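Notebook open, viewer loaded. I want to go through strands first, then rings, then a stray histidine.

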Amino acid sequence: MLGGSVTVLQEARKPAEVAPGDIWLGPNPRNGLAAITGLGYDVRLVDPHPGSPWSIVPLELAGPMPLRILMVWTRREHKYMQGLDAALTLYSDFLLEGPSVVLGDFNANATWRQPRMPADFARVAARLESQFGMVSAYHKWFGEPYGEETRATHYFRRQRERPFHIDYCFVPSSAVLQNVAVRDEEPWASMSDHRPLVVDFSL
């Protein structure tokens, strides 16, 4: 992003000291959310809506390319995609007031259809496009349909034979993508059961 960056982490241990311009939050110091910035960017927490899951958080990124960010970690206690769908309603004005991205660990894939539930990934992805004008950077860059991803972002219990694509970055449809990658090499492959999804873009 114009020479700068922001890294969003889920299941992150609370650091001994949070650097100025960065954020860590969560009820468990061993398992929270973090946003780490660099090269002229700072991030601040917007007042969370009391009805939203604690793990779906609005942020404002200040710097050469200001952005609104909805940092996502869907969790079982919030009924996964139902929690995200509810958060999109609560934060709709926030996301529509300026260039925004919705990114993080969705814990969902289009192949896991739940037609009897109020929301699943396919319907939330369609809502992000129709209501907010956002597209998945990965799918736009690689030209792959939802549910047919060839690059895994998660290996269940670190087992290579159990790959899933459950992490996403939705950007404005007008965004110009410079590069999108899933980093599956070392040191990333041995650091987590998830893989970093890297998105370079401009507006």
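**Strands around E3**

I started with strand E2 (residues 23-25), which is joined to E3 by three bridges, the two running antiparallel. Note to self: this is a predicted model. For a specific pair I looked up leucine 25, and leucine 33 in E3 stands opposite. Then I checked the hairpin that E2 and E3 make: six residues lie between the strands, and glycine 26 takes a positive phi near 145°.

Next I asked what else pairs with E3. Strand E1 (residues 5-12) does, through seven bridges, and that pairing is antiparallel. Here alanine 12 stands opposite glycine 32 of E3.

Is E3 enclosed or open to the outside? I went through strand E3 (residues 32-38) and found six of its seven residues buried, so the rest of the structure largely encloses this strand.

**The six-stranded sheet**

I moved on to an open sheet of six strands and wrote down its order, E4-E5-E6-E7-E11-E8, with mixed pairing. Its edge strands are E4 (42-45) and E8 (134-136), each of which pairs on one side only. I also pulled the twist: neighbouring strands are turned by 25° against each other on average, direction ignored.

At the E4 edge I looked at the link to strand E5 (residues 56-62): four bridges, antiparallel. Aspartate 42 has alanine 62 in E5 as its bridge partner.

**Rings**

I ran the aromatic pairs and got 11 in the structure. How are the rings of phenylalanine 106 and phenylalanine 170 arranged? Their centres are 5.9 Å apart and their planes sit at 25°, so I logged the pair as stacked. The pair links distant parts of the chain, 64 residues apart: phenylalanine 106 is in the loop between strand E7 (100-105) and helix H3 (121-132), while phenylalanine 170 is in strand E11 (residues 167-172). Both phenylalanine 106 and phenylalanine 170 are buried.

The other pair I opened was tyrosine 138 with phenylalanine 142. The centres of these two rings are 4.8 Å apart and the planes are at 45°, so tyrosine 138 and phenylalanine 142 count as tilted. Both belong to helix H4 (residues 137-142), and because they are four residues apart there, about one helical turn separates them. Their exposure I noted separately: tyrosine 138 is buried, at a relative accessible area of 1%, whereas phenylalanine 142 is partly exposed, at 24%.

Back to phenylalanine 106 and phenylalanine 170: I followed the ring pairs outward and found a cluster linking Phe106, Phe121, Tyr146, Tyr168 and Phe170.

**Arginines over rings**

Which charge lies over the face of phenylalanine 142? I found arginine 151 there, at 3.8 Å from the ring centre. I also noted arginine 75 over the face of tryptophan 73, at 4.5 Å from the ring centre.

**Histidine 78**

Last lookup of the day. Histidine 78 is in the loop between strand E6 (67-73) and helix H1 (81-90). Buried or exposed, I wondered about histidine 78? Its relative accessibility is 18%, and the cut-off for buried is under 20%, so histidine 78 counts as buried. With neighbours within four places in sequence left aside, I listed the contacts of histidine 78 as Pro53, Trp54, Ser55 and Gly83.

Terms used
Residues numbered from 1 in each chain as written. Predicted model: local features only at pLDDT ≥ 70, side-chain atom pairs only at ≥ 80, totals over all residues. Heavy atoms only, no water. Pairing = 2+ DSSP bridges. Axes fitted to C-alpha atoms, helices over the stretch in contact; angles between N-to-C directions. Phe/Tyr/Trp six-rings, centres within 6.5 Å; stacked < 30°, edge-to-face > 60°. Buried < 20%, exposed > 50% of the residue type's maximum accessible area, 1.4 Å probe, protein only. Lys NZ or Arg CZ within 6 Å of the ring centre and 35° of its normal. Contact = heavy atoms within 4.5 Å.
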